[in-house]
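Q: I have the model open and want to go through a few spots with you. Short answers are fine.
A: Go ahead.

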Amino acid sequence: MPHLPANSLPHRLGRTLRTPLGVTALTACVLLTLVAVLGPVLLGARADQVDTAAIDQGSSAAHLLGTDDLGRDIAARVVVATRLTLELTLMASGIGVGGGLLLGVAPAVLGRRLGRLVTSAVGVLVAFPGLLFVLFLATVFGVGSTGAVLAVGLATIPPVARLVQNLTASIDGSDYVAAARILGVGRFRLVVRHLLPNIAEPCVLFAAQAAAGILVAFSGLSFLGLGVQPPQYDWGRLLNDQLNGIYVNPVAALAPGAAVVLTGLVFGLVGEVLAQAGGHRAPQERRQAVAVAPTATVPTATGPRPDGPDADALVRVRDLRVSFPGGREAVRGVSLAVGRGEALGLVGESGSGKSLTALALADLVPHPGQVSAGEIRFDGHDLRTDPRLGTTLAMVFQDPMASLNPALRVGRQLSEVAEVHLGATRSQAAARAVDRLAAVRIPSAARRAGQRPHEYSGGMRQRAVIAMGLMGEPKLIIADEPTTALDVTVQQQVLDLLAEVRADTGAALLLISHDLAVVAQVCTRVLVMYAGRIVEDLPVAELARGAAHPYTRALVGAVPTMATDPDTELATIPGRPPEPAEHGHGCSFAPRCALATGRCLGTEPELAAFGSGRRVACWHPVDPIDADPIDADPIDAEAAS
Amino acid sequence: MATAATASASMAATPTRNPWAAFALRRARRLLVSLAVLVTASFAMIHMIPGDPVRAALGTDASPALVAAERHSLGLDQPLLRQYAAFLGNLLRGRLGESISTQLPVSQIISSRLPATLEIAVPAFVLILLTAVPVGMAAAVLTKDGRSRRGELAFTTATGVLGAVPEFLLAVGLVAAFAVALPVFPVASQGGLSSYVLPVLSLTVIPAATLSRIVRVETLRVLGEDYMRTARAKRLPARLHYLRHALPNLLTSSLTLGGLLFTSLLAGTVLIENVFAWPGLGATIVQAITEKDYPLVQGIVLVYGAAALLITFAVDVAVALADPRSTIRGS
């Protein structure tokens, strides 16, 4: 990736340093450095001054934190210890990060065999707790500052090496490294030119975190008496000295501890700043709230009222809207009705709002979507106050691999519906679950009910989800792309099953799909959605030749069939659908429409009756009588149903 | 090493029927390799010490005859390979040599000190699980979907700061607060039930804070999964929704991530025992290192290392049992 100057690391670092977090981190770093540099110079003499007249004193004006067993001023000693503590921490960090980097990059340089050996060696080493390592190495190197630096530094190597290995392995597998390798770039050059620059940022971040850990480990070692030895002292050593006097002077024991914690937090802050500058948690640019002009969306609010023939419909939805923060409206005033036992298809491209429409009906719109509607009635109930999910309203989702709980037995996932909503006992519910699984033709249902979803195939899982909906007495099944994630052969089985379930239970079906062929096969009526609105409502039988909306016609034309000449180019719809935030005043499809006129760009057409039992939202609907048949011989609705 | 490599090659070649058995075998082999490394490293320790370890242990004024006698009793005058064989043989019979400073068998010292360590480590382990999982889940449910930004900030800040405090400093702070300022609990040493409170608390608080953060993040991830949407589509009571559907899924992934916490708990006992003058293994190993009592250090390193490896192994197997899908196919 070429570095854009405006987005380079120094630039981003500069930007992050101007945030409150950055200012705090920078200030803290400067303060810490000043204390470390000036402390021993200014207070060194005072810290070492033995005063036998003032042994083990508490806090006083002369000695802010009191004195130790030789009458030395503890406050001065804590300040002076800053330099040695930081020096030792940085030395150990240098050993740990440097060694980890070498060992981490080694597999990429050494070739397969040696590389694997290094990788598995590191894998074994990281399994041991760090402190055990430190104790082991402290034994080997002996008690004292040098031994402790080596011990803490070496003990840091395995985790750093593991991180670097993981990072290089992920980059090693990338295309540009493969390309460089094919071009004959040498291993060493590959590491220096391609791997190291790309792992530098996460490594620096991890180094800052590791330094905080090393500070703590070192202080712990000195506290145990295995690190810095008298007359030298660091914070851990001071803590060790003062712990025995905690009864007399608890502040003196807490002060070096507080210094360790605060310095650890400074390292943490530095890490956080580097992480933000590295873009992992980059300060987010405030998303501009796009205010939607209310006039632009008003027309359909008073739009078609599915009363009249739809008055006794199973589902009646009026002016359904789903909006997201920032004024994006993904569903913009959808009104629809589903008759009892009807199979209704809802088609459109991805992003057209069809799935959100379905989820809004079931009150399952994900956060932070907001649903509003003039009316959502289902079987005489207002779904917003009186949800029917689990009993008469069933859902089937797109990805059966993900929609069953992997940790629970399939039978349990079914039977709980009956226990919760139908008041069945545990054994009754379990029996019903097996019965329902058998009803969706899952072989040896009793055994299968005791299995977990990962033992099911994709098609079987989707059957199990359908069976879950059949635990109640469904009057409506909302199926959101139920076959998209499945193999073609399995798709057909699931569609057959849905048809069969409908025939058995008399349930209505709302089938959401981007696949016109699927809808044509299962449904009797189809709603076409585009950019959050319904643009056409027509019987499936008329889909092939009689579509009135240019978008529907284009959609039908884009479906290849067995009869399509493989040499002709597939029909595509030029352009792309508008983003939810960019709806203007005109028809959303106008920019892609061959028939668009000035009127289309200026005013959005409403969904209005067009012939008998059909509705279309278009200023220039194509009259099916004198229209040319759509090219590319589309779906044969008759043969398919 | 070479035999391990060929074994892995032949195992990869034979397709195993049962993925669980394959996983268990693979995992057990890794455990064995790690144990072998641990044993060899602890054997090698005394040979890695620069200079003469026996002279260092006995002091400069020990007579040459005494040094030679100790060298002989440690077996250091034997060829290296024979020493290694003898070390392995003794290990299999549960013999870990004799302490240089007390002349007592190392195994006896360990078995007399181990219970004190377990008496604070096991309650801490249980407490960590019992607090971190409910607290993390509750925090996730209360702050999901950006419901309470302030609560989220308070939780992440509090657990973040707590997680950054080293446990021995927390222990010192607890002693200052609850043993000195408010003398509720004893300052140090093992005694009645009240003497356990501060050591166990010192071991619990920090891992619990870290684990509850992990649990919160994992809960939020699980709540966003498709199968939780399926559960919502069943309109279950909140209790079933969270406890039956979310908990098992977040437990497995939290345990995988939190597995390291449990081995670090073991290491934490070393520091905590020294703060509270607790007569456990941790206090003993530090004393042994200071006194250069190498056989004793060697024995305790073996015990700690083996415990860490076995805990990691147990966590991996438990996770695989609870969620066979992810673990077995994953690695």
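Q: What is the bridge partner of A:Phe324 in S2(A)?
A: In S2(A), A:Phe324 has A:Arg328 as its bridge partner. Strands here are DSSP E runs of at least two residues and helices are H or I runs of at least four, numbered from the N terminus. Two strands count as paired if DSSP finds at least two bridges between them.

Q: Before we go on, how should I read the numbering and the values?
A: This is a predicted model, where local features need pLDDT of at least 70 and side-chain atom pairs count only at pLDDT 80 or more, while totals for chains, interfaces and linings use all residues. Residues are numbered from 1 along each chain as its sequence is written, chains are lettered from A and ligands numbered from 1 in the order in which they are written, and side-chain values use heavy atoms, with hydrogens and water left out.

Q: OK. How many bridges join S1(A) to S2(A)?
A: Eight, between S1 (residues 315-324) and S2 (residues 328-338), and the two strands run antiparallel.

Q: Which residue in that hairpin takes a positive phi?
A: A:Gly326, with a phi near 90°; the hairpin has three residues between its strands.

Q: What else does S1(A) pair with?
A: S5 (residues 375-378) of chain A, antiparallel over four bridges, with A:Val315 opposite A:Phe378. Three more bridges join S1(A) to S4(A), also in the antiparallel sense, and there A:Ser323 stands opposite A:Gln370.

Q: How many residues of S1(A) are buried?
A: Seven of its ten, so the strand is mostly covered. Buried means under 20% relative accessible area, exposed means over 50%, and partly exposed lies in between, using a 1.4 Å probe and protein chains only.

Q: Switching to the open sheet. What is the strand order?
A: It has eight strands in chain A, ordered S7-S8-S9-S3-S10-S11-S13-S12, with mixed pairing. The edge strands, each paired on one side only, are S7 and S12 (608-609).

Q: How do S3 and S9 of chain A run, parallel or antiparallel?
A: Parallel, joined by five bridges between residues 343-347 of S3 and residues 508-513 of S9. A:Gly345 is bridged to A:Leu511 in S9(A).

Q: Which strands does H21(A) lie across?
A: H21 (residues 550-557) lies across S3, S10 (525-530) and S11 (533-539) of chain A, at about 105° to S10(A). Angles run from 0 to 180 degrees between N-to-C directions, and axes are lines fitted to C-alpha atoms, for helices over the stretch in contact.

Q: How many of its residues are buried?
A: Seven of the eight residues in H21(A), among them A:Tyr551, A:Arg553 and A:Leu555. The buried residues pack against S3, H19 (516-522), S10, S11 and H20 (543-546) of chain A. Contact here means heavy atoms within 4.5 Å.

Q: Now the second largest pocket. What is its volume?
A: About 820 Å³. It has 29 lining residues, and the closest to its centre are A:Val365, A:His367, B:Lys144, B:Asp145 and B:Arg232.

Q: What counts as a pocket or a cavity?
A: On a 1 Å grid over the protein atoms alone, a cavity is a set of points where a 1.4 Å probe fits but cannot get out, and a pocket is an open set with protein on both sides within 12 Å along at least five of seven lines; lining residues have an atom within 4 Å of a point. Grid points are joined across faces, edges and corners, and a volume is the space filled by probe spheres set on the points.

Q: Which element gives the most to the lining of that pocket?
A: H10(B), with five residues. By class, the lining has 16 nonpolar, five polar and eight charged residues. Nonpolar covers Ala, Val, Leu, Ile, Met, Phe, Trp, Tyr, Cys and Pro, charged covers Asp, Glu, Lys and Arg, and the others, Gly among them, are polar.

Q: How many cavities of 30 Å³ or more are there?
A: Seven. The second largest has a volume of about 120 Å³ and 13 lining residues, with A:Met395, A:Met468, A:Gly469, B:Ala233 and B:Lys234 nearest its centre.

Q: Last one, chain B. How many helices and strands?
A: It has 14 helices and zero strands, and 45% of its 331 residues count as buried.
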